[in-house]
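Hi everyone, thanks for making time. Could you pull up the sequence and the structure so that we can walk through them together?

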Amino acid sequence: FRIGTAPPHLRSLHQLFREMDPETEEIKEVKEEKIEENITKAEESSGDHKEGEIVAPPPPPPVSESHNVKINVKVKEFPTEGHVNGQLPIYQYNTSKKAWTNLEEKEKKEGFFSKLIGGKKKPAKEEKKNADSLVFVTFNVYFGDDKVTRIPAVLEQVKELRPDFIGFQEITPYMVTEFINKADWIREEYYITETSSATVTPYGCMLLSKWKPISYEFYGFPSNQYRKLTMGKFNVNGKIFTLGTVHLESYPHQGPERKAQLEISFRSLNLDSDSSVLMGDCNFGDGKENDRIPRDYVDAWRVKFPPPPEGQPVKKDATDLTQEEIDSNGFTFDHRRNKITDPNCPPLRLDRIFLRSKSWEVADIKMIGVDKIPSKVSEKG
(Lines give C-alpha, C1' and ligand atoms only; values in the text may rest on other atoms or scores of the structure.)
Protein backbone atom coordinates (compact mmCIF):
# COMPACT_ATOMS: atom_id res chain seq x y z
CA PHE A 1 0.00 0.00 0.00
CA ARG A 2 1.52 3.33 -1.09
CA ILE A 3 0.20 6.83 -0.52
CA GLY A 4 1.32 10.08 -2.10
CA THR A 5 0.78 13.71 -1.23
CA ALA A 6 -2.69 14.83 -2.27
CA PRO A 7 -3.24 17.50 -4.92
CA PRO A 8 -4.67 20.86 -3.76
CA HIS A 9 -8.21 20.12 -5.00
CA LEU A 10 -8.41 17.00 -2.79
CA ARG A 11 -7.27 18.95 0.23
CA SER A 12 -9.96 21.53 -0.51
CA LEU A 13 -12.64 18.84 -0.66
CA HIS A 14 -11.57 17.45 2.71
CA GLN A 15 -11.60 20.96 4.18
CA LEU A 16 -15.07 21.58 2.74
CA PHE A 17 -16.29 18.31 4.27
CA ARG A 18 -14.95 19.25 7.69
CA GLU A 19 -16.50 22.73 7.54
CA MET A 20 -19.89 21.32 6.52
CA ASP A 21 -19.93 18.57 9.14
CA PRO A 22 -20.69 20.07 12.60
CA GLU A 23 -20.14 16.70 14.29
CA THR A 24 -16.55 16.54 13.03
CA GLU A 25 -15.81 20.06 14.21
CA GLU A 26 -17.28 19.28 17.63
CA ILE A 27 -15.10 16.19 17.94
CA LYS A 28 -12.03 18.22 17.03
CA GLU A 29 -12.75 20.69 19.84
CA VAL A 30 -13.09 17.89 22.39
CA LYS A 31 -9.81 16.37 21.22
CA GLU A 32 -7.88 19.63 21.48
CA GLU A 33 -9.21 20.21 24.98
CA LYS A 34 -8.24 16.70 26.04
CA ILE A 35 -4.76 17.04 24.52
CA GLU A 36 -3.96 20.00 26.79
CA GLU A 37 -5.35 18.10 29.78
CA ASN A 38 -3.27 15.03 28.99
CA ILE A 39 -0.08 17.08 28.60
CA THR A 40 -0.69 18.68 32.01
CA LYS A 41 -1.25 15.27 33.61
CA ALA A 42 1.87 13.89 31.98
CA GLU A 43 3.99 16.79 33.26
CA GLU A 44 2.63 16.38 36.77
CA SER A 45 3.30 12.64 36.85
CA SER A 46 6.62 12.60 34.99
CA GLY A 47 9.55 10.76 36.57
CA ASP A 48 12.32 8.29 35.93
CA HIS A 49 11.41 4.88 34.58
CA LYS A 50 13.35 1.70 34.16
CA GLU A 51 14.32 0.41 30.73
CA GLY A 52 11.45 -1.49 29.16
CA GLU A 53 8.91 -0.29 31.74
CA ILE A 54 5.47 0.42 30.30
CA VAL A 55 4.10 3.76 31.47
CA ALA A 56 0.34 4.17 31.23
CA PRO A 57 -0.89 7.49 29.82
CA PRO A 58 -4.49 8.69 30.24
CA PRO A 59 -6.92 6.81 27.96
CA PRO A 60 -7.99 8.52 24.72
CA PRO A 61 -11.04 10.81 24.98
CA PRO A 62 -14.43 9.55 23.82
CA VAL A 63 -15.63 10.46 20.34
CA SER A 64 -18.90 11.63 21.85
CA GLU A 65 -20.84 11.20 25.05
CA SER A 66 -23.12 8.58 23.48
CA HIS A 67 -20.18 6.64 22.05
CA ASN A 68 -18.48 6.75 25.43
CA VAL A 69 -21.47 5.18 27.14
CA LYS A 70 -21.58 2.36 24.60
CA ILE A 71 -17.89 1.58 24.96
CA ASN A 72 -18.05 1.63 28.76
CA VAL A 73 -20.88 -0.87 28.65
CA LYS A 74 -18.93 -3.16 26.34
CA VAL A 75 -15.85 -3.02 28.55
CA LYS A 76 -17.97 -4.24 31.45
CA GLU A 77 -19.50 -7.04 29.39
CA PHE A 78 -16.30 -8.43 27.87
CA PRO A 79 -13.27 -9.64 29.84
CA THR A 80 -10.39 -7.14 29.70
CA GLU A 81 -8.12 -8.37 32.48
CA GLY A 82 -4.48 -7.69 31.66
CA HIS A 83 -5.36 -5.30 28.82
CA VAL A 84 -4.42 -1.75 29.77
CA ASN A 85 -3.43 1.42 27.97
CA GLY A 86 0.26 2.20 27.95
CA GLN A 87 3.30 3.85 26.49
CA LEU A 88 5.57 1.37 24.71
CA PRO A 89 9.36 1.57 24.58
CA ILE A 90 10.85 2.51 21.21
CA TYR A 91 13.58 0.02 20.34
CA GLN A 92 16.51 0.74 18.04
CA TYR A 93 19.40 -1.60 17.30
CA ASN A 94 22.69 -0.46 18.79
CA THR A 95 25.49 -1.69 16.51
CA SER A 96 28.26 -1.01 19.03
CA LYS A 97 26.50 -3.00 21.76
CA LYS A 98 25.06 -5.49 19.26
CA ALA A 99 21.73 -5.34 21.03
CA TRP A 100 18.31 -3.70 20.79
CA THR A 101 18.14 -0.72 23.16
CA ASN A 102 15.37 1.42 24.57
CA LEU A 103 15.73 4.66 22.59
CA GLU A 104 14.41 6.91 25.36
CA GLU A 105 16.86 5.49 27.89
CA LYS A 106 19.70 5.76 25.37
CA GLU A 107 18.96 9.40 24.58
CA LYS A 108 18.68 10.27 28.28
CA LYS A 109 22.14 8.83 28.92
CA GLU A 110 23.63 10.53 25.87
CA GLY A 111 22.10 13.85 26.90
CA PHE A 112 23.44 13.49 30.44
CA PHE A 113 27.01 12.76 29.29
CA SER A 114 26.80 15.49 26.66
CA LYS A 115 26.02 18.03 29.40
CA LEU A 116 28.91 16.75 31.50
CA ILE A 117 31.47 17.27 28.74
CA GLY A 118 29.76 20.40 27.39
CA GLY A 119 29.51 19.12 23.86
CA LYS A 120 26.93 17.96 21.37
CA LYS A 121 26.60 14.38 20.23
CA LYS A 122 25.91 13.87 16.55
CA PRO A 123 22.82 11.79 15.73
CA ALA A 124 23.53 8.15 14.93
CA LYS A 125 21.81 8.48 11.57
CA GLU A 126 19.99 11.04 9.50
CA GLU A 127 16.32 10.77 10.37
CA LYS A 128 13.51 10.88 7.81
CA LYS A 129 11.57 14.13 7.96
CA ASN A 130 9.96 14.65 4.56
CA ALA A 131 8.51 12.45 1.84
CA ASP A 132 6.16 12.66 -1.13
CA SER A 133 5.18 8.99 -0.83
CA LEU A 134 4.94 6.41 1.96
CA VAL A 135 4.77 2.63 1.71
CA PHE A 136 2.88 0.48 4.24
CA VAL A 137 2.71 -3.30 4.66
CA THR A 138 0.24 -5.21 6.83
CA PHE A 139 0.70 -8.97 7.22
CA ASN A 140 -0.96 -11.56 9.43
CA VAL A 141 1.98 -13.96 9.67
CA TYR A 142 -0.08 -16.80 11.25
CA PHE A 143 1.21 -18.39 14.43
CA GLY A 144 0.50 -22.02 13.48
CA ASP A 145 2.24 -24.72 11.42
CA ASP A 146 5.82 -24.56 10.17
CA LYS A 147 7.08 -21.22 11.56
CA VAL A 148 10.73 -22.16 10.94
CA THR A 149 10.06 -22.08 7.20
CA ARG A 150 7.15 -19.67 7.04
CA ILE A 151 8.39 -16.66 9.02
CA PRO A 152 11.73 -16.25 7.18
CA ALA A 153 9.81 -16.49 3.89
CA VAL A 154 7.36 -13.79 5.04
CA LEU A 155 10.20 -11.52 6.15
CA GLU A 156 11.97 -12.02 2.82
CA GLN A 157 8.87 -10.85 0.93
CA VAL A 158 8.56 -7.76 3.10
CA LYS A 159 12.29 -7.08 2.82
CA GLU A 160 11.98 -6.77 -0.97
CA LEU A 161 9.57 -3.84 -0.54
CA ARG A 162 11.54 -2.05 2.21
CA PRO A 163 8.34 -0.25 3.31
CA ASP A 164 8.31 2.82 5.51
CA PHE A 165 5.94 1.12 7.95
CA ILE A 166 5.15 -2.52 8.75
CA GLY A 167 2.29 -3.91 10.83
CA PHE A 168 2.48 -7.59 11.77
CA GLN A 169 -0.33 -9.58 13.40
CA GLU A 170 -0.23 -12.94 15.22
CA ILE A 171 3.36 -12.36 16.29
CA THR A 172 4.59 -14.65 19.10
CA PRO A 173 7.61 -14.23 21.42
CA TYR A 174 9.40 -17.01 19.50
CA MET A 175 8.98 -15.12 16.21
CA VAL A 176 10.35 -11.92 17.78
CA THR A 177 13.45 -13.41 19.38
CA GLU A 178 14.34 -15.98 16.71
CA PHE A 179 13.55 -14.15 13.48
CA ILE A 180 12.53 -10.47 13.61
CA ASN A 181 15.19 -9.29 16.07
CA LYS A 182 17.90 -11.13 14.16
CA ALA A 183 17.07 -9.84 10.65
CA ASP A 184 19.92 -7.58 9.53
CA TRP A 185 17.70 -5.34 7.40
CA ILE A 186 15.37 -4.72 10.35
CA ARG A 187 18.30 -4.00 12.66
CA GLU A 188 19.74 -1.50 10.20
CA GLU A 189 16.59 0.40 9.26
CA TYR A 190 13.71 0.10 11.72
CA TYR A 191 12.43 1.24 15.09
CA ILE A 192 10.32 -1.55 16.60
CA THR A 193 7.76 -1.99 19.38
CA GLU A 194 8.90 -5.32 20.81
CA THR A 195 12.12 -7.24 21.46
CA SER A 196 10.88 -10.13 23.60
CA SER A 197 7.41 -10.96 24.88
CA ALA A 198 5.80 -8.10 26.82
CA THR A 199 3.18 -7.18 24.20
CA VAL A 200 2.95 -10.42 22.19
CA THR A 201 2.16 -13.04 24.83
CA PRO A 202 0.59 -15.38 23.84
CA TYR A 203 0.46 -13.46 20.54
CA GLY A 204 -0.09 -9.92 19.37
CA CYS A 205 0.66 -7.11 16.94
CA MET A 206 3.94 -5.37 16.21
CA LEU A 207 4.89 -2.11 14.47
CA LEU A 208 8.15 -1.43 12.64
CA SER A 209 9.01 2.01 11.26
CA LYS A 210 11.82 3.61 9.28
CA TRP A 211 10.63 6.93 10.68
CA LYS A 212 11.71 7.78 14.22
CA PRO A 213 8.53 7.63 16.33
CA ILE A 214 7.41 10.43 18.59
CA SER A 215 5.87 7.60 20.59
CA TYR A 216 4.71 4.00 20.45
CA GLU A 217 1.52 3.24 22.37
CA PHE A 218 -1.05 0.52 22.88
CA TYR A 219 -4.70 0.58 23.87
CA GLY A 220 -6.53 -2.38 25.37
CA PHE A 221 -9.65 -3.72 23.69
CA PRO A 222 -12.74 -5.39 25.11
CA SER A 223 -11.63 -8.85 23.99
CA ASN A 224 -11.69 -12.57 24.66
CA GLN A 225 -8.65 -13.07 22.39
CA TYR A 226 -5.85 -10.83 23.73
CA ARG A 227 -6.56 -8.13 21.13
CA LYS A 228 -5.32 -4.53 21.34
CA LEU A 229 -4.38 -1.52 19.22
CA THR A 230 -0.64 -1.02 18.69
CA MET A 231 -0.05 2.56 17.58
CA GLY A 232 2.75 4.89 16.56
CA LYS A 233 2.89 8.67 16.28
CA PHE A 234 5.27 10.27 13.77
CA ASN A 235 6.31 13.65 12.39
CA VAL A 236 5.99 13.46 8.60
CA ASN A 237 6.43 16.61 6.53
CA GLY A 238 6.08 18.68 9.69
CA LYS A 239 2.65 17.21 10.57
CA ILE A 240 1.55 14.52 13.00
CA PHE A 241 0.86 11.18 11.34
CA THR A 242 -0.57 8.32 13.42
CA LEU A 243 -0.49 4.65 12.45
CA GLY A 244 -2.20 1.73 14.12
CA THR A 245 -2.20 -2.01 13.52
CA VAL A 246 -4.92 -4.30 14.85
CA HIS A 247 -6.16 -7.87 14.90
CA LEU A 248 -9.86 -7.60 15.66
CA GLU A 249 -11.99 -10.31 17.26
CA SER A 250 -12.24 -13.32 14.97
CA TYR A 251 -15.63 -15.01 14.99
CA PRO A 252 -18.76 -14.01 13.03
CA HIS A 253 -20.88 -13.56 16.19
CA GLN A 254 -18.34 -11.12 17.69
CA GLY A 255 -19.56 -8.10 15.74
CA PRO A 256 -20.26 -6.08 18.93
CA GLU A 257 -16.68 -6.58 20.11
CA ARG A 258 -15.29 -5.53 16.72
CA LYS A 259 -17.50 -2.44 16.78
CA ALA A 260 -16.10 -1.38 20.15
CA GLN A 261 -12.55 -2.20 19.03
CA LEU A 262 -12.92 -0.05 15.91
CA GLU A 263 -14.31 2.87 17.93
CA ILE A 264 -11.34 2.74 20.30
CA SER A 265 -8.92 2.50 17.36
CA PHE A 266 -10.28 5.41 15.37
CA ARG A 267 -10.66 7.80 18.29
CA SER A 268 -7.11 6.96 19.46
CA LEU A 269 -5.67 7.54 15.97
CA ASN A 270 -7.61 10.77 15.44
CA LEU A 271 -6.34 12.34 18.67
CA ASP A 272 -3.96 15.22 17.92
CA SER A 273 -3.12 14.04 14.38
CA ASP A 274 -3.36 15.50 10.90
CA SER A 275 -3.42 12.13 9.10
CA SER A 276 -3.84 8.54 10.20
CA VAL A 277 -3.80 4.97 8.90
CA LEU A 278 -5.39 1.91 10.50
CA MET A 279 -4.30 -1.42 9.04
CA GLY A 280 -4.47 -5.07 9.95
CA ASP A 281 -6.63 -8.17 10.15
CA CYS A 282 -10.12 -6.75 10.73
CA ASN A 283 -11.92 -10.11 10.52
CA PHE A 284 -14.91 -8.78 8.59
CA GLY A 285 -15.50 -8.80 4.86
CA ASP A 286 -17.49 -6.58 2.51
CA GLY A 287 -20.80 -6.25 4.31
CA LYS A 288 -22.72 -4.36 6.98
CA GLU A 289 -19.71 -3.98 9.27
CA ASN A 290 -18.20 -1.62 6.71
CA ASP A 291 -20.77 0.94 7.89
CA ARG A 292 -18.73 1.26 11.09
CA ILE A 293 -15.85 2.93 9.26
CA PRO A 294 -15.97 6.73 9.82
CA ARG A 295 -16.80 8.82 6.78
CA ASP A 296 -13.47 10.63 6.83
CA TYR A 297 -11.57 7.35 6.34
CA VAL A 298 -11.20 5.71 2.91
CA ASP A 299 -10.88 1.97 2.34
CA ALA A 300 -7.59 1.90 0.42
CA TRP A 301 -8.40 -1.25 -1.56
CA ARG A 302 -11.70 0.20 -2.79
CA VAL A 303 -9.97 3.34 -4.03
CA LYS A 304 -8.19 1.24 -6.66
CA PHE A 305 -10.79 -1.54 -6.97
CA PRO A 306 -14.28 -0.06 -6.49
CA PRO A 307 -17.05 -2.44 -5.39
CA PRO A 308 -19.61 -3.74 -7.91
CA PRO A 309 -22.45 -1.35 -8.80
CA GLU A 310 -25.21 -1.15 -6.20
CA GLY A 311 -27.64 -4.02 -6.56
CA GLN A 312 -25.12 -6.29 -8.26
CA PRO A 313 -24.15 -9.12 -5.87
CA VAL A 314 -20.51 -9.83 -5.06
CA LYS A 315 -19.68 -13.24 -6.53
CA LYS A 316 -17.95 -15.58 -4.07
CA ASP A 317 -18.39 -18.98 -5.68
CA ALA A 318 -15.01 -20.09 -7.06
CA THR A 319 -16.63 -21.41 -10.24
CA ASP A 320 -18.12 -17.98 -11.01
CA LEU A 321 -14.91 -15.96 -10.59
CA THR A 322 -12.31 -15.16 -13.21
CA GLN A 323 -8.69 -14.67 -12.10
CA GLU A 324 -9.08 -10.94 -12.68
CA GLU A 325 -12.14 -10.89 -10.40
CA ILE A 326 -10.27 -12.89 -7.76
CA ASP A 327 -7.46 -10.35 -7.79
CA SER A 328 -9.70 -7.27 -7.79
CA ASN A 329 -11.85 -8.60 -4.92
CA GLY A 330 -8.80 -8.49 -2.64
CA PHE A 331 -9.64 -11.73 -0.84
CA THR A 332 -6.96 -12.28 1.80
CA PHE A 333 -8.83 -15.25 3.29
CA ASP A 334 -9.21 -17.64 0.37
CA HIS A 335 -8.92 -21.43 0.53
CA ARG A 336 -8.16 -21.66 -3.19
CA ARG A 337 -4.89 -19.81 -2.61
CA ASN A 338 -4.11 -20.75 0.97
CA LYS A 339 -4.96 -24.21 2.28
CA ILE A 340 -4.49 -23.05 5.88
CA THR A 341 -7.87 -21.33 5.68
CA ASP A 342 -11.20 -23.00 6.38
CA PRO A 343 -12.46 -24.74 3.20
CA ASN A 344 -16.05 -24.25 4.37
CA CYS A 345 -15.68 -20.48 4.59
CA PRO A 346 -16.25 -18.30 1.49
CA PRO A 347 -13.36 -16.07 0.38
CA LEU A 348 -13.26 -12.82 2.33
CA ARG A 349 -11.40 -9.50 2.32
CA LEU A 350 -10.41 -9.56 5.99
CA ASP A 351 -7.17 -7.57 5.87
CA ARG A 352 -7.73 -3.84 5.45
CA ILE A 353 -5.99 -0.47 5.27
CA PHE A 354 -7.93 2.72 6.05
CA LEU A 355 -6.61 6.24 5.44
CA ARG A 356 -7.76 9.58 6.86
CA SER A 357 -5.94 12.61 5.49
CA LYS A 358 -6.16 16.03 3.87
CA SER A 359 -2.55 15.75 2.69
CA TRP A 360 -2.24 12.19 1.37
CA GLU A 361 -4.11 10.03 -1.11
CA VAL A 362 -3.94 6.35 -2.06
CA ALA A 363 -1.46 5.91 -4.92
CA ASP A 364 -1.37 2.11 -5.23
CA ILE A 365 -2.25 -1.09 -3.40
CA LYS A 366 -1.62 -4.77 -4.01
CA MET A 367 -1.55 -8.12 -2.23
CA ILE A 368 1.73 -9.81 -1.35
CA GLY A 369 2.44 -13.30 -0.08
CA VAL A 370 0.11 -14.95 -2.61
CA ASP A 371 2.62 -17.58 -3.74
CA LYS A 372 2.95 -20.89 -1.97
CA ILE A 373 5.92 -21.26 0.39
CA PRO A 374 7.90 -24.52 0.02
CA SER A 375 7.46 -26.17 3.38
CA LYS A 376 7.66 -29.43 5.26
CA VAL A 377 3.92 -28.99 5.75
CA SER A 378 3.46 -28.82 2.00
CA GLU A 379 -0.33 -28.86 1.80
CA LYS A 380 -0.40 -26.00 4.31
CA GLY A 381 2.45 -23.96 2.85
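I'll go from the overall picture to the sheet, the cores, a helix pair and a few unusual backbone spots.

Please keep in mind that this is a predicted model. The protein has 381 residues, and 45% of them count as buried. Its secondary structure adds up to 10 helices and 15 strands. If you take the contacts between residues at least 6 apart in sequence, 72% of them join residues at least 24 apart.

Let's start with the sheet. Seven strands make up an open, mixed sheet, and the order runs β2-β9-β10-β11-β12-β14-β13. At the edges sit β2 (86–88) and β13 (298–299), each of which pairs on one side only. As a reminder, strands of a sheet pair through backbone hydrogen bonds, either parallel or antiparallel. For β11 and β12 (residues 275–281) the pairing is parallel, with seven bridges. If you want one pair to click on, T245 has M279 in β12 as its bridge partner. Which helix packs on this sheet? That is α8 (residues 255–270), which touches β9, β10, β11, β12 and β14. The direction of α8 makes about 150° with that of β12.

Now for the cores. In soluble globular proteins, nonpolar side chains tend to be buried together. The largest nonpolar core here has 26 residues, and the members that touch the most others are F1, I3, L134, F136, F241, L243 and V277. Two or more residues each come from β5, β9, β10, β11, β12, α9 (300–304), β14 and β15 (360–364). F241 is a nice one to zoom in on: beyond its neighbours within four places in sequence, its contacts include I3, L134, F136, V277 and W360. There is also a second, separate core of 25 residues, and L155, M175, W185 and Y190 are among them.

M175 takes us to helix α6 (residues 173–180), where the buried residues are M175, V176, F179 and I180. Why do these count as being on the same side of α6? Because they cover an arc of only 115° around the axis. An α-helix has 3.6 residues a turn, so residues three or four places apart point the same way. The buried residues of α6 pack against α5, β6 (165–171), α7 (184–189) and β8.

Let's look at α5 against α6 in particular. Their axes are 11 Å apart and the packing angle is about 60°, and the crossing is right-handed. On the α5 side we have K147, V148, I151, P152 and L155, which meet Y174, M175, F179 and I180 of α6.

Last stop, the backbone. Most residues other than glycine have a negative phi, and most peptide bonds are trans. Where does this model have a cis peptide bond? It joins T201 and P202, with omega at about 0°. P202 belongs to the loop between β7 (191–192) and β8 (204–209).

Y142 is not a glycine, yet has a positive phi of about 70°. You'll find Y142 in the loop between β5 (133–140) and α5 (147–161). Its relative accessibility is 24%, so Y142 counts as partly exposed. N237 also has a positive phi, near 55°, and lies in the loop between β10 (228–236) and β11 (239–247). With a relative accessible area of 28%, N237 is partly exposed.

That's my tour, and I'm happy to take questions.

Methods
Residues are numbered from 1 along each chain as its sequence is written. This is a predicted model: local features need pLDDT of at least 70, side-chain atom pairs count only at pLDDT 80 or more; totals for chains, interfaces and linings use all residues. Side-chain values use heavy atoms; hydrogens and water are left out. Helices (H or I, at least four residues) and strands (E, at least two) are DSSP runs, numbered from the N terminus. Buried means under 20% relative accessible area, exposed over 50%, partly exposed in between (1.4 Å probe, protein chains only). Two strands pair if DSSP finds at least two bridges between them. Contact means heavy atoms within 4.5 Å. Axes are lines fitted to C-alpha atoms, for helices over the stretch in contact, and angles run from 0 to 180 degrees between N-to-C directions. The arc is that of the directions from the helix axis to the C-beta atoms. A nonpolar core is a set of buried Ala, Val, Leu, Ile, Met, Phe, Trp, Tyr and Cys residues joined through side-chain atoms within 4.5 Å. A crossing is left-handed if the near helix is turned anticlockwise from the far one by less than a right angle, and right-handed if clockwise.
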